[in-house]
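User: I am new to this structure. Please walk me through the reasoning behind a few of its labels.

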Amino acid sequence: MSGDHNQYQKPEGKKFDTGKPRWSLLPNGVVRDVIQVLEYGAVKYGTDNWKYVPDANRRYYDAAMRHLDEWQSGGEPDAETGQSHLAHAVCCLMFLMWLEKNGDS
């Protein structure tokens, strides 16, 4: 053996993922903050409670805007959760998207 480590070439692996969602496009580190807000809400109100809130579209829109206003005003993180107001706003917007997609808007 001549010591040539390149004499054997490994075959190229295959993965048929073209056209599938690329979760890696999500900004690194921010999804965890949103999940922490969702976890807090699940403990406080119950898992998926947000789906059953009366007049949810108006109320989650109002809540998202309050959190955006707090963030825009340079407010500290949310006093109750310690999370960014942006993470709270994202949760509210995701609820609104889910409600719209599932015909509850």
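User: Which residues is Asp78 in contact with, leaving aside its neighbours within four places in sequence?

Analyst: This is a predicted model. In it, Asp78 is in contact with His67, Gln83, His85 and His88. Contact needs heavy atoms within 4.5 Å. Asp78 itself sits in the loop between helix H2 (56-72) and helix H3 (85-101).

User: How do you know that Asp78 has no salt bridge?

Analyst: Lys44 has the nearest side chain of opposite charge, and it is 7.9 Å away. A salt bridge needs a distance within 4 Å, so this pair does not qualify. Asp78 is buried all the same.

User: What makes the pair of Asp78 and Glu80 a polar contact?

Analyst: A polar atom of the Asp78 side chain lies 3.1 Å from the backbone nitrogen of Glu80. The cut-off is within 3.5 Å, so the distance fits.

User: Why is Cys91 not in a disulfide?

Analyst: The closest cysteine sulfur, in Cys92, is 6.9 Å from that of Cys91. A disulfide needs sulfur atoms within 2.5 Å, so the pair is too far for a bond. Cys92 is in no disulfide either. Across the whole structure, the search finds zero disulfides.

User: Why are Cys91 and Cys92 called buried?

Analyst: Buried means under 20% relative accessible area. Cys91 is at 3%, so it counts as buried. Cys92 is at 7%, so it is buried too.

User: Where do these cysteines appear in the largest nonpolar core?

Analyst: Cys91 and Cys92 are among the residues with the most contacts inside this core of 14 residues. H3 gives the largest share, six residues.

Technical notes
Residues numbered from 1 in each chain as written. Predicted model: local features only at pLDDT ≥ 70, side-chain atom pairs only at ≥ 80, totals over all residues. Heavy atoms only, no water. Helix = DSSP H or I, 4+ residues; strand = E, 2+ residues; numbered from the N terminus. Buried < 20%, exposed > 50% of the residue type's maximum accessible area, 1.4 Å probe, protein only. Lys, Arg positive; Asp, Glu negative; His and termini not counted. Polar contact = N/O pair within 3.5 Å; in protein donor to acceptor, adjacent residues only side chain to side chain. Core = buried A, V, L, I, M, F, W, Y, C linked by side-chain atoms within 4.5 Å.
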